[in-house]
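Here are some quick notes to go with the structure you're about to open. Keep it on screen while you read through the points.

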Amino acid sequence: MNNLHLGLTPWNFSDLSAVSLCEQAQFAESCGYESIWLPENHFGANALPDPLTLLASMAGATRSIRLGTTSYLLTLRNPLQAAEQVAVLDQLSGGRLILGVGRGYAPEMLRAFHVPAKEKRRIFAWTLGLMKDAWSGKSISLDGNMEHAVEVHPRPLQQPHPPLWVAAFGPKALAQAGTLGLPYLCSPMESIATLENNYAQHVQAAEAAGIAAPSVIPLMRTVFVSENAELLSEVKNSLAEKSENVRLLDGEGVDDWTLIGTPEQVRVKLQNYQERIGMTHLVATRLRIGGIDEADLRRSVTLLADIVAGKVI
């Protein structure tokens, strides 16, 4: 399907053990997925506060699948330690890391980490800049006193560093991602019409900064594929009832922000995303509803890989 890079998040977040995550990564790799992704979140019952540690376990259980973070939160971290940890994982995995970075948006999380909300974009840029300097071999100092500057080792296996994507929501975050010249990773809960506008803003910001817009255009989407029409209807109805975090405009519904349908329907929707937005990478995210059998979830994972591989015509 026009060289679409296919990735996914684990479909089962109810079991965050290494055994479960590694088995899901192995299954995805066997289906032909090119990457598997983990988010970062804090303090909830199913928190994922340290995605690099979990990805490290998955690295040891797989051979080729790339390992990604959808939102490694730079505002919460010491730049020196973050640069070291990212480099270690890139070395450990044989250069398979894709680092999606973010600022964080939840007020309670920022408060807990003593991050002033108004300063998060500045802190993000400062942290990322120091990390890139460290990876390039420069001596760096957090307080500007170069007498105490240090070099970070090891360096990432991928040079000058792993691919960087920026998770962004809102005009200021989109503009910052564009100014940095980095791919923008969208929220999975915005409609295709909103995303068209977002990606246009991202390109405009890059051009205004005199930087070429990135050729990588990744999208995160909630995906479920099935040949069972009744099951598809149940999933859509459940998602429509649990849309408190979905950012839709008047008149928009489930089909505007998800890829749910039969194999043929999802194939057509994927082509629509490629035509309208230029999507180069798809990160398929899990259903945020319960009650779906594991067999149906795995079947969906398999069918999506078949669609992208051209096995569904």
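1. Start with one residue pair: L8 has I36 in strand 2 as its bridge partner. Keep in mind that this is a predicted model. L8 and I36 belong to a wider pairing, with two bridges joining strand 1 (residues 5-8) to strand 2 (residues 35-38), and these strands run parallel.

2. Next, look at what packs on the sheet there. Helix 2 (residues 51-61) touches strand 2 and strand 3 (66-73), and its direction makes about 175 degrees with that of strand 3. Helix 10 (residues 263-277) also packs on the sheet, touching strand 7 (218-225), strand 8 and strand 9 (281-285). With strand 8, the direction of helix 10 makes about 155 degrees.

3. Now zoom out to the sheet as a whole. It is open, has nine strands with parallel pairing, and reads 6-5-4-3-2-1-9-7-8 in order. Strand 6 (184-185) and strand 8 (258-261) sit at the edges with a single partner strand each, so one side of each has no neighbour in the sheet.

4. Then there's a helix pair to check. How do helix 1 (residues 18-31) and helix 11 (residues 294-308) cross? Their axes come within 9 Å and cross at roughly 30 degrees. Angles under 35 degrees count as roughly parallel, and helix 1 and helix 11 are therefore described that way. The crossing is right-handed.

5. Which residues make that contact? From helix 1 they are E23, F27 and C31, which meet R298, V301, T302 and A305 in helix 11. By class, that contact has four nonpolar, one polar and two charged residues.

Note on methods. Residues numbered from 1 in each chain as written. Predicted model: local features only at pLDDT ≥ 70, side-chain atom pairs only at ≥ 80, totals over all residues. Heavy atoms only, no water. Pairing = 2+ DSSP bridges. Helix = DSSP H or I, 4+ residues; strand = E, 2+ residues; numbered from the N terminus. Contact = heavy atoms within 4.5 Å. Axes fitted to C-alpha atoms, helices over the stretch in contact; angles between N-to-C directions. Parallel < 35°, antiparallel > 145°, perpendicular 65-115°, else oblique. Left-handed = near helix turned anticlockwise from the far one by under 90°. Nonpolar A, V, L, I, M, F, W, Y, C, P; charged D, E, K, R; others polar.
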